[in-house]
Amino acid sequence: MMKQKAPEVICMGMAVVDVSVTGYGKARYSAEMVLADSVSIHTGGDALNEAVIISRLGHTVKLVCGVGEDEAGEIVTNHAQKEGVDISGITRYPEGHTHISIPMIHPDGEKTMVSTGPYSAPYYTPDLSVLEPVKVLSLGSLFRDPFNDKEILLETVKTAKENGTIVCADVKLNDGKKMLKDIKEALPYIDYIFPNEGEARNYTGREDLDEAADVILGYGVKHAVIKLGKDGCLVKSKDTRMIVPSYPIEALDTTGCGDNFAAGFITALVEGKTLRECCEFATAVGAVAALSVGATTGVTSREKVEAFMKEQKRGE
């Protein structure tokens, strides 16, 4: 068997199974049944989505997550391996149940999520020995398993920086009881953070996004990259402020677009691109993702994204 190449990126966080419903609510068949255009099964979860897309974009990546010894866990593991992702960091728990969510996608492309909650995935403590020196460590989402434990988060980012690794982190909303100040010890170890508008406002207490970015930087994060959806992203660092517009598209499904954005950004980062180029590529990857149903369905290759960038004109 050919030895797998050493990873350039490690994605650590959640891996789940999504049952996607499109066209939800367009019609009612009976009092008990609402018709939809389609129902399909996809893998999902912040770390898994990022790992799959980074692999398709041409880079070696290891997935570090915990799943159950169940059919959904088998789907996650098999899919990651099929996509060329290093699965040696996946832990299977006989007593655990792999998280399953149901994104119901409305005709306008927005979605309603049916879920048992972000903390229902098997809890696990990452083996930090898997944090070999790599170019980038991506924390799937702050405030989600396993990074809802601030001690695990702090130990993880400190170990990564000791290895000379760039640390990126996405963010997800929690139950409203935690704020950035609750993980302030870990934030100076993070180089790039990717909240969306709502998350940036929620975790900083600032409505103005420039002020929200300043709060994030004030905690020691090196770059605040706030995702603005169809409007692109706002980027601030100590000496930089810019808005990078996105591409004008008709979104079919926004599931996983934030994870695709992060994967695109990290891909460009690994390649030594400038901050603006990282954002431009990230917005393109996110836009391509939104044109298909499922978090990892749209971005099938690097060539597809590059062709999209040539064909489309970014909004000004």
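Trainee: Where along the chain is P146 placed?

Mentor: P146 belongs to the loop between strand 10 and helix 3 (150–162). Helices (H or I, at least four residues) and strands (E, at least two) are DSSP runs numbered from the N terminus. The peptide bond leading from D145 into P146 is cis, and its omega is near 5°. F143 lies in that loop between strand 10 and helix 3 too, with a positive phi of about 75° although F143 is not a glycine.

Trainee: What should I know before reading on?

Mentor: This is a predicted model, with residues numbered from 1 along each chain as its sequence is written. Local features need pLDDT of at least 70 and side-chain atom pairs 80 or more, while totals for chains, interfaces and linings use all residues, and side-chain values use heavy atoms, without hydrogens and water.

Trainee: How many helices and strands does the chain have?

Mentor: Eight helices and 15 strands. The C-alpha atoms fit a box of roughly 55 × 50 × 45 Å along the principal axes. A compact globule of 316 residues would have a radius of gyration near 20 Å, and the chain's 19 Å agrees with that; the rule, over C-alpha atoms, is 2.2 Å times the number of residues to the power 0.38.

Trainee: How do I read a sheet?

Mentor: Strands of a sheet pair through backbone hydrogen bonds, either parallel or antiparallel. Here, nine strands form an open sheet in the order 7-6-1-10-11-12-13-14-15, with mixed pairing (at least two DSSP bridges per pair). Strand 7 (86–93) and strand 15 (241–244) are at the edges with a single partner strand each, so one side of each lacks a neighbour in the sheet. On average, neighbouring strands of this sheet are turned by 15° against each other, direction ignored. Look inside the sheet as well: strand 11 (residues 166–171) pairs with strand 12 (residues 192–194) in the parallel sense over three bridges, and C168 has Y192 in strand 12 as its bridge partner.

Trainee: Which strands does helix 6 touch?

Mentor: Helix 6 (residues 257–270) packs on this sheet, and the strands it touches include strand 1 (9–12), strand 10 (136–142) and strand 11. Touching means heavy atoms within 4.5 Å. The direction of helix 6 makes about 170° with that of strand 11; axes are lines fitted to C-alpha atoms (for helices, over the stretch in contact), with angles from 0 to 180 degrees between N-to-C directions. Helix 7 (residues 275–290) packs there as well, touching strands 12, 13, 14 and 15, at about 25° to strand 15.

Trainee: What is the strand order in the open sheet of four strands?

Mentor: The order is 5-2-8-9, again with mixed pairing. Strand 5 (38–44) and strand 9 are its edge strands, each pairing on one side only. The twist from one strand to the next averages 25°. Strand 2 and strand 8 (residues 100–105) run parallel, joined by four bridges, and V17 has I100 as its partner in strand 8. Helix 2 (residues 71–82) packs on this sheet, at about 95° to strand 2.

Trainee: And how do I read a pocket?

Mentor: Rolling a probe the size of a water molecule over the atoms shows where empty space is left. A pocket is an open set of points on a 1 Å grid over the protein atoms alone, where a 1.4 Å probe fits, with protein on both sides within 12 Å along at least five of seven lines; lining residues have an atom within 4 Å of a point. The largest pocket has a volume (the space filled by probe spheres set on the points, which are joined across faces, edges and corners) of about 1,400 Å³. It is lined by 44 residues, and K111, T254, G256, C257 and G258 are the closest to its centre.
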